[in-house]
Structure formats: structure tokens, C-alpha cells
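Please report on the internal cavities, one bent helix and the unusual backbone geometry of this model. Keep it brief.

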Amino acid sequence: MSIPGAYQTDLPAVPPWLNKGDNAWQMTAATLVGLQSMPGLVILYASIVKKKWAVNSAFMALYAFAAVLICWVLVGYRIAFGDKLLPFWAKGAPALGQKYLIGRARVPETTHYYSNGNIESPMLEPFYPMAAHVYFHFTFAAITMILLAGSVLGRMNIKAWMAFVPLWLIFCYTVGAFSLWGGGFLYHWGVIDYSGGYVIHLSAGISGFTAAYWVGPRLKSDRERFPPNNVLLMLAGAGLLWMGWSGFNGGAPNAANVAAPLAVLNTNISAATSLLVWTTLDVFYFGKPSVIGAVQGMMTGLACVTPGAGVVQAWAAIVMGILSGSIPWFSMMILHKKSTFLQKVDDTLAVFHTHAVAGLLGGLLTGLLAEPSLCSIILPVSNTRGAFYGGSGGMLFLKQIVAALFIIGWNIVATTIILLAIRLFIPLRMSDEQLMIGDDAVHGEEAYALWGDGEKYDPTRHGWHGSDTPQETIPTGFVNGARGVTINL
């Protein structure tokens, strides 16, 4: 029986190992995750903050996306997924050569052995090129960095942020990625982090909270009143984030297999349930539903299901959604207001609650709810199961706790060292004058061309007239400047 032409080897473009379906899905999934950051979180950050910080917040996300990509291909990817150097770190090297990138993807340290030395599960070798694997995991690294930024919006010195991004990627993110995904000690111990509950959300939340502590708070006036400048645009960014999560969790199996659609379905179930629970609690406690609260509930549902999206049943995703819509809500709305320490640290977008608490919760619930037959599809350690399924499940729950403690400890220490080192050369916080004015002082740009919100009007910069245009030609009531139509208030 002849093989259909679409599935025939056609060297060098279609080698025998290439699965076109897996390759197409992995590139699609990577693009969906990329859209979560650019433009998803760029839009969300620009609109959820006070108007005077819209440009700065969007730029921090935009810069991180670009800087992470270059650092990733230069050295980061192979520190996270390369040959072992330490139990938690691999040897760094560029991922730029065509021979490396068009060859079959492989994660060299993922071969798992029985205690007697026999192979239990072979090395991870997806049926697509290395370039697809490099790009897919870049989008994960980028969104982690951008989520972390949410903790320090509205006051971190942009130059300090520019130095922080590559250092944190190399010395913090890659450690969690290799330990849990790249064949490090937690991977071989059997810890489950299906798609980044620990590597991404717990890391971003803990490092963000630590960074917020060292950078210092926003101005008192900003902390007391920080309304979003565009709620509808914020929803557009949140929508991109939610829909992009199908690539986030759907791409984690590294194949278009049966685990991928289950993970996508579980992801959406958890997000929807969490949003509804959070909104219900808002109505019960505050008397009215909040759009911002609904977005927070969506995020906690997505973060919570991520560590177990492909290894739990759909009913378990509902349980995750119920708990992720209530426990982070309680930590943010009740516990935060009663804790002097939590109030002292100015976590701008409450990343600690929406990502650290939710990611930790998801990792622990995975230790309880991981279904044995689903675990056997994607995990390297056989007979893995959650505690609710008896057998050795209690040990998995213990492993999930230990892994969380490692990620928390490493992120606190590494983030602290990085920021203290940067502080020797660059102030971590903007000057009070910049904090008073906002975007115009930091970037010389504003999100909306409406003069009068802290900006000192300068006709030589904003005026209708140029050097050769007389002042008399200015239309009454309006000034058409380089930033658009400015209304004289």
C-alpha cells in the first residue's frame, strides 16, 4: 500500500521523523502563547493602570518580550533544556545554528532510568524541529517575565528594569525550567508541573513580590487611587490572555495527541468557574460585581489549572476553578488587608495573589487530583498518581510541596541578589519628580493626547506652529501637536 504524498519523506525539507501535524500545532501553540504577551499583556497593562503610567507599563512588557527572545537564543534556552551542568542547571550555549535548529527536537537530559540502570522512559524527542521547541519555550519565558513586571508597575526605574530582565531570565527562570522540565532533579523525582504552575506562575508571583519589596512603593497618592484608564481595553487584553492559554496548555504535551485537547478543555473550564466564583464573592461581600475582579478570577483559574491541565479530569478542573476563585480572593481581599507585611509591600497588580497563590494551589491540587492513566501519557515516572487515587499518591503530594519550597526559596534569594547588584549602579525606583508626572517625564510620551493631567504645557513641543509658522495661525481652542489633537483645558 502506497503512502499518501503528504506523508512521504521529501529530503531535506521533510525528513522521516517529521510529523507535520505536530509541527503545525506546536508553531500554532507558540504563536498563541506569544499573543498572550504581545499584544495581550501589553494592552492589559496599558489599560489597567492609572493613565499617567499607561505608556511605561506597556513599554516594560514590550521591552521584556524582545529582550527575553535575544537572551533566550543566545544562551537561555540551552541553560534550561541543554546538557546537564548541575542538578538544577544545564550548560549554556547559543541556539542559532541552522544544523541545530532544523534537526529533530530533543531534550538530552530527559532519559529516565529505573534504579537498576534500565531505561524507564526514553529521551524526549518530539516529532518536530528544534526551532519549534526553542520558540515555544521562549514564549513561556517571555510571559513569565511580563507577569513579574505587574508587581513593580508605576515606579520601577526603566533602566533598572532593562538590566533586570536578562539577569533574572538567566539566573532565575532557567533554574526552574531545567529542574522541572529540562531533565533536572525535580523532573526525575517525578514532580508534576504540566505547563508552568511552578516554573511560570509561582516564580513570577514570588519574584514579583520580592522585587516590589526592594524597589519600594509607588507614591502615596498612586497607592490610594490607581483607577484603570480603560476598562474595555483591559477586557480586550484579558480576552487575548484567556484564548491564548489554549496554546499555553495545549502545546505542553509537545504533540497534537489526546492530552492536548483535554488540557485545553480543562483550562477553559477552570477559568470560567473561577471567574464565576470570584464574581459571586464580590457580589456577596461588596454588593456589586466588578469587571476587574472578574479578570482577576479568570487569571487565578488559568494559573491554578496550569500545573495539572493535562493530567486531571474535567470534574477536577471545576474543583480547581472553585478553589482558585475563592482562596486567592480571600488572600487578596481579606488576608491582605489584615497583614501588616503584605500591606507594606506594594505589589501593583497583586501578582502574588493571582499567580503565586494560584500557582501554588494548582500544584498542590495536582498532587491530589492527578489521574493515573492520564499521568502515564506524558510523565516520565511510571505509576504516578494523585493522593486521592490511593497507592503512592501521598508521596506525589509531598513531592509537590518540596518542589514549591525549592522554587519559592530560589526565587527569593536570586531576585534579591540580582536587584541588590543592580542597585549598586542604577537606582531601582524612579525619582519623586518622575513619579509625580509619569509617562511624560519617563518617556516624553503620553497614552492619550489630552493635556492637563500632570503635564507642563510647552508650546515649543506641542504647539501647532513650527519654527516657520506664525503663532496667529493656531486654531482657537485646539493645539495640533506631534502627539495628536490637544484640547486646552
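The report covers the annotated domain, then cavities, then helix 2, then backbone outliers.

This is a predicted model, in which local features need pLDDT of at least 70, side-chain atom pairs count only at pLDDT 80 or more, and totals for chains, interfaces and linings use all residues. Residues are numbered from 1 along each chain as its sequence is written, and side-chain values use heavy atoms, without hydrogens and water.

**Domain.** An unreviewed UniProt entry annotates residues 24-448 as "domain: Ammonium transporter AmtB-like". Such annotations may be inferred rather than shown by experiment. Over residues 24-448 the chain is 68% helix and 2% strand. The end C-alpha atoms of this stretch are 40 Å apart. Helices (H or I, at least four residues) and strands (E, at least two) are DSSP runs, numbered from the N terminus.

**Cavities.** A cavity is a set of points on a 1 Å grid where a 1.4 Å probe fits but cannot get out; lining residues have an atom within 4 Å of a point. The whole structure holds 2 cavities of 30 Å³ or more. The largest cavity has about 90 Å³ of space, a volume being the space filled by probe spheres set on the points. Its lining includes Leu44, Tyr45, Met299 and His355. Helix 1 (20-48), helix 11 (291-305) and helix 14 (351-369) each supply at least two lining residues. By class, the lining has 8 nonpolar, 3 polar and no charged residues. Here Ala, Val, Leu, Ile, Met, Phe, Trp, Tyr, Cys and Pro count as nonpolar, Asp, Glu, Lys and Arg as charged, and the others as polar.

**Helix 2.** Helix 2 (residues 54-81) spans only 36 Å between its end C-alpha atoms, whereas a straight helix of 28 residues would span 40 Å at 1.5 Å a residue. The expected span is 1.5 Å times one less than the number of residues. Helix 2 bends by about 70 degrees at Trp72; the bend is the angle between axes fitted to the seven residues ending there and the seven starting there. In helix 2, 20 of its 28 residues are buried. Buried means under 20% relative accessible area, exposed over 50% (1.4 Å probe, protein chains only).

**Backbone outliers.** Most residues other than glycine have a negative phi, and most peptide bonds are trans. A cis peptide bond joins Met38 and Pro39, with omega about 20 degrees. Pro39 is found in helix 1. Two non-glycine residues with positive phi are tabulated.

| Residue | Phi | Loop | Relative accessibility |
|---|---|---|---|
| Ala350 | near 55 degrees | between helix 13 (340-344) and helix 14 | 11%, buried |
| Asn383 | near 60 degrees | between helix 15 (372-378) and helix 16 (393-423) | 61%, exposed |

How values were computed. 1 Å grid on protein atoms, 1.4 Å probe; cavity = no way out; pocket = protein on both sides within 12 Å on 5 of 7 lines; lining within 4 Å.
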